[in-house]
Amino acid sequence: MKHITEEELFRYREGEMKARDAIAAHLKECGECRVELDRIEAVFQALDAMPVPDPGEEYGRKVWRQIAERLPERFHEKWASWWEAWFAPRRLIAVGTAAALLAIAFFAGRISGPKKSNDDVLDAGKVRERVLVVAVGAHLGKSEMILMELSNAQPAESGKKLINISTEQKRAEDLVEENRLYRQTALNGGDNAVASTLNELERVLLDVANSPAEVTPAQFESIQKRIAAQGILLKVRVVRQELRAESEGRKSEPAQNDSTAKVRNKA
Amino acid sequence: MRESSERVGAGGISDAAAVERTLAGERDAYRVLVERHSTYVYRVAYRMTGNSHDAEEIVQEAFLRAYQKLQQFAGNANFGTWVYRIAANYAIDRLRQKKNEESRREAPTRSAESETEIDPLSQVKDSAPSPERLATSVELAKKMKEALDALSPAERTAIVMRHWDGCGIEEIAAVLKSNTSATKNTVFRAVQKLRQALKPFVQGRGTAKAVGTES
């Protein structure tokens, strides 16, 4: 009689095996395999017997006392905390560029003159949109670079047991902040296609930002697979190229009847 | 199994409301979340590290990180699950760091604290244990502690999340930054290693309970 392997028995216990009926039937007949299954079960019983000390009823309060003083200061208002996060020293450079470009976009529309006619309003909007297109394009370029670096790295060949990705993590963290801003702006501007790509990009960036600082080659490979699985690199490239073409097109053809965002959404 | 965090606890407000208020700048709302989930996060951290000192540090760090990242927390998610994952991520980093340091120092695998941390008597369910069984149960607890400490950080995380916390393979895979197939293998490898280490205690048919755990 062919016996069931230890791994099959373990997976059967885990409820994973497809051929559960066949294994159950075999176990009914085979005392040896039953003993083997019991032995696996005994390991779990021994694990269950391992006690965890009770930290006590007051533990939650104790933790609060320990951390309360160390919690970073927040402004007492939701949007203010955004502001604070934006102007944290480390992020200042990264998000500064984005903020400056948005400010330029905003004022570019204003300084183009008083709103005398519909054409003037249209021109102001165009200028604003053009600056945003350039800014988002640059952001996508930076994101593409970090994703490419991660995707093309071959750490397994270096023979290292752990790979330090803290630099990529910090860059991704900074880009998350920028990304949020641009996504929100794209949404407000009705450019759902760009907003959707930025939304997907944000998830990947968050994934990288929240990874451990040091990962094993297998974990690194898993990050690479997740980047590849979502096809985000390709999407970012496509949108970036569209934005670049749009930006170049605008220079030569300043007057268009329909917003290119609308065209992109339709597409 | 994991506790539901959507209940309205002693703080009087739901987790979702506490998160919302914290984001709005109400610092004391975060206190509700900390007080409500600390014990649970402590249990997880203790199982992953095997000692109170490390477990307490992990709890503090997990809540600090959760506070910093609260804006990334999706409103419809479960705060308990989210902070659990932050704690597990931090714990695995810490375990790896510790393993690296230990291997560099070539220190003994057991600390004085870990020897005395677990009260072996609490394992014995029989109100009047025989001296023989008592001795076996003490020995079993020691062996299990050693076996858990000898697991790799990924194996220990996997077995804690799977067996004690009832996590799904995909959730464990996310913490291990691995795929589901590799994660299943990690759990199995952990069980194999524990089984190997406990061989003298894990008996055959009829007496297949680990000696010292009978009630």
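## Exercises on a two-chain model

Of the 215 residues that make up chain B, 40% count as buried. The model is a predicted one.

**Exercise 1.** Determine which secondary-structure elements chain B contains and in what pattern they follow one another.

*Solution.* Begin with the count: chain B has 9 helices and 0 strands. Next, read along the sequence, where the pattern is α-α-α-α-α-α-α-α-α. Finally, consider the contacts within chain B between residues at least 6 apart in sequence: 65% of them join residues at least 24 apart.

**Exercise 2.** Describe chain A by its elements, its buried residues and its contacts.

*Solution.* The count of elements gives 12 helices and 2 strands for chain A. From the N terminus on, these elements run α-α-α-α-α-α-α-β-α-α-β-α-α-α. As to burial, chain A has 267 residues, and buried residues make up 28% of them. For contacts in chain A with a separation of 6 or more, 69% are between residues 24 or more positions apart.

**Exercise 3.** State how many residues each chain brings to the contact between the chains, and identify the helix of chain B that gives the most to its side.

*Solution.* First, divide the contact by chain: 51 residues come from chain B and 47 residues from chain A. Second, list the helices of chain B that each supply at least two residues to the side touching chain A: H2 (27-49), H3 (52-68), H4 (79-105), H6 (131-150) and H9. Third, select the one that gives the most, which is H2(B), with 11 residues. Last, sort the residues on this side of chain B by character: 23 are nonpolar, 15 polar and 13 charged.

**Exercise 4.** Classify the packing of helix H3 of chain A against helix H9 of chain B, and name the residues that meet there.

*Solution.* Two quantities are required, since a pair of packed helices is described by the angle between the axes and the distance between them. Helix H3 of chain A covers residues 31-48, and helix H9 of chain B covers residues 180-197. Their packing angle is about 90 degrees, and their axes are 10 Å apart. Angles of 65 to 115 degrees count as roughly perpendicular. Therefore H3(A) and H9(B) are roughly perpendicular to each other.

The residues can now be named. H3(A) brings A:Arg39, A:Ile40 and A:Val43, which meet B:Val191, B:Leu194 and B:Arg195 of H9(B). By character, the residues of this contact comprise 4 nonpolar, no polar and 2 charged.

Technical notes:
Residues numbered from 1 in each chain as written. Chains lettered and ligands numbered in written order. Predicted model: local features only at pLDDT ≥ 70, side-chain atom pairs only at ≥ 80, totals over all residues. Axes fitted to C-alpha atoms, helices over the stretch in contact; angles between N-to-C directions. Helix = DSSP H or I, 4+ residues; strand = E, 2+ residues; numbered from the N terminus. Parallel < 35°, antiparallel > 145°, perpendicular 65-115°, else oblique. Contact = placed C-beta atoms within 7 Å. Nonpolar A, V, L, I, M, F, W, Y, C, P; charged D, E, K, R; others polar. Buried ≥ 20, exposed ≤ 12 C-beta atoms within 10 Å, placed from the backbone.
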